[in-house]
Amino acid sequence: MEKKGLAPVIEVDGLRKVYHRIVAVDEVSFVMYHGEAFGFLGPNGAGKSTVVKILTGLVTPTRGTVRVLGNPINHRETRKRIGYLPELPTFHRWLQAREFLEFHGRLYGLRGPLLEKRCREVLALVGLSGKEHQKLGTFSKGMMQRIGLAQAILNRPDLVLLDELVSGLDPVGQRDMRELLRQLKAEGMSIFLNSHQLADVEALCDRVAIINQGRILKVGAPHSLFDEPLTVEIRVDAVSTQLLHRLGSVALAVRQDEENLCRLLVEVQNDEAAADIAAIVYECGARLYTLAPHQRSLEQLFLRTIDASNS
Amino acid sequence: MTLALITRFTLQEAIRRRLFLAVLILSTLLLVAFIILLSIAINLIQSNSSTANGGTLSPHLFLLSGGVFFDILMIWLVYLLSSLLTIVLTANMISGEVEAGTFAVIVPKPISRAEIVMGKWLGFALIIVVYTALMFFALLAIIYWKTGYWPEQVFSALGTLELTMLALLGLTTMGSAFVPTIVNGAIVLVLFIVAPIASIVQFVVQAIKPTQSLALQNIGTVINLIIPTDALWHGTSFFLLPSAQIFPLLGLSTDSFNTPFTSTQPVAPALLIWVAFYILVLPLIAVVRFQRRDL
């Protein structure tokens, strides 16, 4: 699926990785576009981390091609435009926060006042101002995640790959990081988010890929992946035969609550069809007390997709 | 440039680690203790010099001949200390970072894996070479101060000693790209111990049955090719000795230095070529392996 006018930042085609005869990733293909927040979802052992490691050059694929920002992953100039935060990051504990950022900044090619400025900026962004001279060995798990994110965005990358960003954070930290990611996205940074936090992914990501057993099952915008009908609950003053007949003509199914005959559950294909329901109720002369679409969540979609795949 | 960055980072890390600090403190204590012990020994020698050497040597020459023995003994200690430091400090050079997961944020940066390995190798090489040279000259200076003996081929002795450390470093570098830290350390330590044992066995068999020592000699050669540290130490010990003309003046015999621990022959040029190859190629093998390794 090509998006008009948007340049791809990640192009993965026919990716396969085998570790000692165990297939971790098989025939994985997807494209992520510039400015997108792309969620990568899957249960433990699905192959998510392997894909992320291939995208960052930590793992070599057995087969397939990967292009990041238009170039092969080993392209040095391209790497200057990528930030990466691994899951449960481990850093050199003897370094102070400032030294840690300066080292990674220099690896990116930053020097002098610009490096100092960026270090100050990212420390403030991740909420670690004032911790410059604290050793990483004394950092909590949450602080490690924050300093890890700081090194990932130090170079103001075009693409940042985040592996389970909020896993070590408390609720306040999670909220702060969500806000920061929204800010980065608004500034035009492309974000590849590998996460179990489906609510975060749903709130932030433009598109998601669901992977299981090394294969991609679905790729697309969350709302476009909802393939089950939307259930709309309606409550009226009286249910007539005409109303049931008219609703039946636009709905996939209409069920009447046996305990409350004025309550109907109407299954429609999408939100647009749901809008027709109100008009039909009005045309049939009934009084509408409730019209409540049952929200479909990414979590439901994810669980159903994975269950279907496993069965 | 990034290679220099990794080298600097390695130096910084080594200096901040407590192990390095402990080695520095212990080395300083060793030097102080050696000055005290040597002073006591010299005083004892001087007070008994007429009876100790049978009156054949002047006290000055007797002190010089003592200096030869002290040089060999103390530089052998430097050889042991530096070798152990090399193994302990560098057995985890690559594997340690892989096991800890610290490479996960370094490798994706705009730096090649070859630069990472070579930068770390260079950093450790600098530490080990400087430490060895400092200990070497400090001990020789103390011995010179107390006995007046200074080896004529001091730089050749230091050169072969440094080659020993670089050979060990090459081995630990390569090992750390292939196997976990503990395995690498154990393998290199065992090899390091096996080499002098082979020399001792060869020496004993040669003394008992000189005609049957060919097979053992071949085994010794193979071991020296696998780990040339012991052969290089023998070369170092040769350069610490006075020249053949001075031996009789000091009341010494070359036979007394033909032992499993010392040698009166320089290192064969073929071995030196092999060691140069060893020092260059083993880290390159580590680079090739690390470039293909999944992290």
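Select Val18(A) and Val23(A): Val18(A) stands opposite Val23(A), which belongs to β2(A). The model is predicted. Widen the selection to residues 8–19 and 22–33 of chain A, which are strands β1 and β2; the two run antiparallel and are joined by eight bridges. They form a hairpin, with two residues between the strands. In that turn, pick His20(A), whose phi is positive at about 45°.

Now show the whole of chain A. It contains 11 helices and 14 strands. Its C-alpha atoms fill a box of roughly 75 × 45 × 35 Å along the principal axes. Of the 311 residues in the chain, 41% are buried. Among contacts between residues at least 6 apart in sequence, 70% join residues at least 24 apart.

Colour residues 8–221 of chain A as domain 1 and residues 230–295 as domain 2. The C-alpha centres of these two domains lie 45 Å apart.

Next, go to helix α4 of chain A, residues 112–125. The helix has 14 residues and reaches 20 Å from its first C-alpha to its last, close to the 20 Å expected at 1.5 Å a residue. Which residues of α4(A) are buried? Select Arg118(A), Cys119(A), Val122(A) and Leu123(A). These residues lie on the same side of α4(A), because they cover an arc of only 130° around the axis. In general, an α-helix has 3.6 residues a turn, so residues three or four places apart point the same way.

Turn to the face of α4(A) directed away from the buried side, where the exposed residues Pro113(A), Leu114(A), Lys117(A) and Ala124(A) are found. Then return to the buried side and display α3 and α5 (141–153) of chain A, which are included in what covers the buried residues of α4(A). Past the end of the helix, stop at Gly127(A), which follows α4(A) and has a positive phi, near 80°.

From α5, move on to Leu154(A), in the loop between α5 and β7 (159–163) of chain A. Is Leu154(A) buried or exposed? Leu154(A) is buried, because 23 other C-beta atoms lie within 10 Å, and the cut-off for a buried residue is 20 or more. Leaving aside residues up to four places away in sequence, Leu154(A) touches Leu101(A), His104(A), Gly105(A), Tyr108(A), Arg118(A) and Val122(A). Two of these names have come up before: Arg118(A) and Val122(A) are among the buried residues of α4(A). Add Glu102(A) and draw a C-alpha to C-alpha distance to Leu154(A): the value is 9.4 Å, for residues 52 apart in sequence.

Bring chain B into view. In this pairing, 23 residues of chain A are in contact with 19 residues of chain B. On the chain A side, α2 (76–79), β6 (82–85) and α3 (97–107) each supply at least two residues. Which element gives the most to this side? Select α3(A), which gives four residues. Coloured by class, the side of chain A that touches chain B shows 11 nonpolar, eight polar and four charged residues.

The last stop is Gly285(A), in the loop between α10 (271–283) and β14 (288–293) of chain A. Gly285(A) is exposed, because 12 other C-beta atoms lie within 10 Å and 12 or fewer counts as exposed. Select Ala238(A) as well: the C-alpha atoms of Gly285(A) and Ala238(A) are separated by 9.4 Å, with their positions 47 residues apart along the chain counted as sequence separation.

Technical notes: Residues are numbered from 1 along each chain as its sequence is written. Chains are lettered from A and ligands numbered from 1 in the order in which they are written. This is a predicted model: local features need pLDDT of at least 70, side-chain atom pairs count only at pLDDT 80 or more; totals for chains, interfaces and linings use all residues. Two residues are in contact if their C-beta atoms, placed from the backbone, lie within 7 Å. Domain bounds come from an automatic or database domain assignment. Ala, Val, Leu, Ile, Met, Phe, Trp, Tyr, Cys and Pro count as nonpolar, Asp, Glu, Lys and Arg as charged, and the others, Gly among them, as polar. Two strands pair if DSSP finds at least two bridges between them. The expected span of a helix is 1.5 Å times one less than its number of residues. The arc is that of the directions from the helix axis to the C-beta atoms.
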